[in-house]
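Trainee: I should like to learn how to read the features of a structural model, one at a time. Please give the general idea first and the particular case afterwards.

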Amino acid sequence: METNRIRKGEKVVVEIYENATKVGSYQTTDAHDIEEAIREAYRSSDRYADPMQDYVFKVTDSTTGTESRYRINAHGNVKLIV
C-alpha cells in the first residue's frame, strides 16, 4: 500500500496552513510526487516570499481518498507529520 505517494493524473489538492489557519489552496493533476505538488502549491501562492518552513501543507489525493500533513525541514526536505 502506497499511502504517501501520488501519481501523475491523480487529482491532488494541497492546502497551505500558517498557525492552524488555511492561507492557500492549490489543485493539480500534473504532480509526479508529493514534494512536487507541495512545491507547486507554494510557488503559486501569495506566500512565496516567506520561507516554506513557516507552513504546514495538507495534501489530499482525491483519487485515492488519502490525506496527510507535511512540513519542510531546515534542509528543505518534505517531512510527514505523524
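Trainee: Which side chain of opposite charge is nearest to glutamate 10, and how far away is it?

Mentor: Lys and Arg count as positive and Asp and Glu as negative, while His and the chain ends are not counted. A salt bridge is a side-chain nitrogen of Lys or Arg within 4 Å of a carboxyl oxygen of Asp or Glu. Buried means under 20% relative accessible area, exposed over 50%, and partly exposed in between, with a 1.4 Å probe and protein chains only. Here, the nearest side chain of opposite charge is arginine 7, 4.3 Å away, and glutamate 10 is buried without a salt bridge. This is a predicted model, in which local features need pLDDT of at least 70 and side-chain atom pairs count only at pLDDT 80 or more, whereas totals for chains, interfaces and linings use all residues. Residues are numbered from 1 along each chain as its sequence is written, and side-chain values use heavy atoms, with hydrogens and water left out.

Trainee: What does the side chain of glutamate 10 reach?

Mentor: A polar contact is a pair of N or O atoms within 3.5 Å; within protein, one must be able to donate a hydrogen and the other to accept it, and residues adjacent in sequence count only if both atoms are side-chain atoms. The side chain of glutamate 10 reaches the backbone nitrogen of arginine 7 at 3.0 Å. Glutamate 10 belongs to the segment before strand 1; helices (H or I, at least four residues) and strands (E, at least two) are DSSP runs, numbered from the N terminus.

Trainee: How many salt bridges are there?

Mentor: The count is six. In one of them, glutamate 15 and lysine 58 meet at 3.8 Å, N to O. Glutamate 15 is in strand 1 and lysine 58 in strand 3, so this pair ties together parts 43 residues apart in sequence. Glutamate 15 is buried, at 14% relative accessible area. Lysine 58 also meets glutamate 67, at 3.7 Å from N to O, and glutamate 67 is partly exposed at 48%. Through shared partners, salt bridges join Glu15, Lys22, Lys58 and Glu67 into one network.

Trainee: Which residue forms a salt bridge with glutamate 18?

Mentor: The partner is arginine 47, with the closest N and O atoms 2.8 Å apart. Glutamate 18 lies in strand 1 and arginine 47 in the loop between helix 1 and strand 3, so parts 29 residues apart in sequence are tied together.

Trainee: Which residues have the most contacts inside the largest nonpolar core?

Mentor: In soluble globular proteins, nonpolar side chains tend to be buried together. A nonpolar core is a set of buried Ala, Val, Leu, Ile, Met, Phe, Trp, Tyr and Cys residues joined through side-chain atoms within 4.5 Å. The largest one here has 17 residues, and Val14, Ile38, Phe57 and Val59 have the most contacts inside it. At least two residues each come from strand 1 (12-18), helix 1 (34-44), strand 3 (56-61) and strand 4 (66-72). Helix 1 gives the largest share, five residues.

Trainee: How is the aromatic pair described?

Mentor: A pair of aromatic rings is described by the distance of the centres and the angle of the planes. Rings of Phe, Tyr and Trp (its six-membered ring) pair if their centres lie within 6.5 Å; planes under 30 degrees apart count as stacked, over 60 as edge-to-face and the rest as tilted. The structure holds one aromatic pair. The rings of tyrosine 42 and tyrosine 48 have centres 5.3 Å apart and planes at 50°, so the pair is tilted.
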